[in-house]
Every structure is written in C-alpha cells, then in structure tokens.
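I sat down with this one to see how the chain is put together. My notes follow the order in which I looked things up.

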Amino acid sequence: IYTLSLHDALPIFAAKLNTPISASDLFILGGTAHFRSSQQTVIELVEGNLVFVESSSSEMIDTLIKLLGGNLIMTANSVNTLTSTEVQLTTGFFELSQSASLALASDSLVSITGGDFLASDSMNFDMTDSRLEITTGSASFTGGNVQSAQSSISVSGAGSLTFTGAVVGQ
C-alpha cells in the first residue's frame, strides 16, 4: 500500500516539465515516463493530486486508487489504461483533457462522490465492460471521443450528465 499526503510528501525533482504544476500535485508522472501497477496494488492519496502529463503512460491492472480531497488529472497527451481497477475519488474531480486518453476495461470502476468527471478538448475515453458512477456531482464531456461497450455511466444525487461537442459511439 502506497499512502501519501501533503503533510508527508518529500519533493522529488527531475527534468523540468512543460506543464504547470501546483503545490497540491502530490504524485506526478510526466515526460515519457511509464507507470505500471498490478496484483492488488493500493495507491492512496490524501489531500493531493495524482497527475499524468506530457506523453506519459500508465497501465494499472488489478489496482485500487483511493483519493480523498484530491484530484486525478490525465492531460497533455498522456495515455492511460485501467484494467480490473477501481478508482475511489471523494471530494475531488477527475479530469481528462488536452489529447489525453483513458481506457477502462474488464470490470473497472471509477466511483466519484462529491466531485465531477470532466472530459474536454481532444480527449479519448473508451469504456469496455466498466462503470463510471458519480454521486452528488456531474459528468461533463465537452469535446473529444467517447466509446462505450457493455458499460454504464450513472449520475445520482444532485448533478448532471452532459455531452457537448463530444463524439459518442458504441
């Protein structure tokens, strides 16, 4: 189990990223870096952001990602695959933007409580046999491509589901 919070984080410096970052970005994967997790890995972040940027790639298989009071951001050409993986996001948002791609497969679940799923720009979002569930928040697709097969998107409580300028297919 990897558990990080803003109070515990140690600065790690690498080559300069072109994408702006903030003090609340706790775990950043950028450049051409590749991240892979599997075999019941648990990643837990408290009050910090998990960020994938600048052509980075991630492959998470049989992984649990828990974010409390932080955001999950996939942007700037990052390529991300979640297979048999669960994301639990509480009081934060999930952003997919700027030509980033996200593939959810094999019974993956993204569960957001008290936050939003925001997909914009030229993003690609592909769901196969997976679920996106939002409670007391919204899902907004404003541009890009959305593909879905044997999957569901649900919004309950106060919130909305909108598709504006996104290409939706099955």
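These entries go from the whole chain to the sheet, then to the rings and one serine.

**Whole chain.** I reminded myself first that this is a predicted model. I then pulled up the secondary structure: zero helices and 21 strands. The protein chain has 170 residues, and 42% of them count as buried. For accessible surface I got about 8400 Å², with 52% of that belonging to carbon and sulfur atoms. I also checked how far the contacts reach. Among those between residues at least 6 apart in sequence, 22% join residues at least 24 apart.

**The sheet.** In what order do the strands of the open sheet run? I read off β3-β6-β9-β12-β15-β18-β21, seven strands with parallel pairing. β3 (34–37) and β21 (167–169) each have a single partner strand, so these two stand at the edges and one side of each is left without a neighbour in the sheet. I looked up the turn between neighbouring strands too, and it averages 5 degrees, direction ignored.

I zoomed in on the β3 edge. Four bridges join β3 to β6 (residues 57–61), and the two run parallel. Across that pairing, Arg 36 stands opposite Glu 59 in β6.

**The rings.** Next I went after aromatics and found five aromatic pairs in the structure. Phe 94 and Phe 117 have ring centres 5.1 Å apart and planes at 45 degrees, so I noted the pair as tilted. Phe 94 sits in β11 (residues 94–96) and Phe 117 in β14 (residues 117–120), so to speak a link between distant parts of the chain, 23 residues apart. Are they buried or exposed? Phe 94 is buried at 0% relative accessible area, and Phe 117 counts as buried at 1%.

Phe 117 also pairs with Phe 141: their centres are 5.6 Å apart and the planes are at 45 degrees, so this pair is tilted as well. Here the link runs from β14 to Phe 141 in β17, 24 residues apart. Phe 141 is buried, like Phe 117. Following the ring pairs, I ended up with a cluster of Phe 94, Phe 117, Phe 125, Phe 141 and Phe 163.

**Ser 140.** Last stop was a residue in β17 (residues 139–142), Ser 140. What does Ser 140 touch, leaving out residues up to four places away in sequence? I listed Phe 117, Leu 118, Ala 119 and Thr 162. With Thr 162 there is a polar contact as well, side chain to side chain, at 3.5 Å. I wrote down that Phe 117 turns up both among the neighbours of Ser 140 and in the ring cluster.

Key
Residues are numbered from 1 along each chain as its sequence is written. This is a predicted model: local features need pLDDT of at least 70, side-chain atom pairs count only at pLDDT 80 or more; totals for chains, interfaces and linings use all residues. Side-chain values use heavy atoms; hydrogens and water are left out. Two strands pair if DSSP finds at least two bridges between them. Axes are lines fitted to C-alpha atoms, for helices over the stretch in contact, and angles run from 0 to 180 degrees between N-to-C directions. A polar contact is a pair of N or O atoms within 3.5 Å; within protein, one must be able to donate a hydrogen and the other to accept it, and residues adjacent in sequence count only if both atoms are side-chain atoms. Contact means heavy atoms within 4.5 Å. Buried means under 20% relative accessible area, exposed over 50%, partly exposed in between (1.4 Å probe, protein chains only). Accessible areas come from the Shrake-Rupley method with a 1.4 Å probe; for residues, only the protein chains shown count as cover. Rings of Phe, Tyr and Trp (its six-membered ring) pair if their centres lie within 6.5 Å; planes under 30 degrees apart count as stacked, over 60 as edge-to-face and the rest as tilted.
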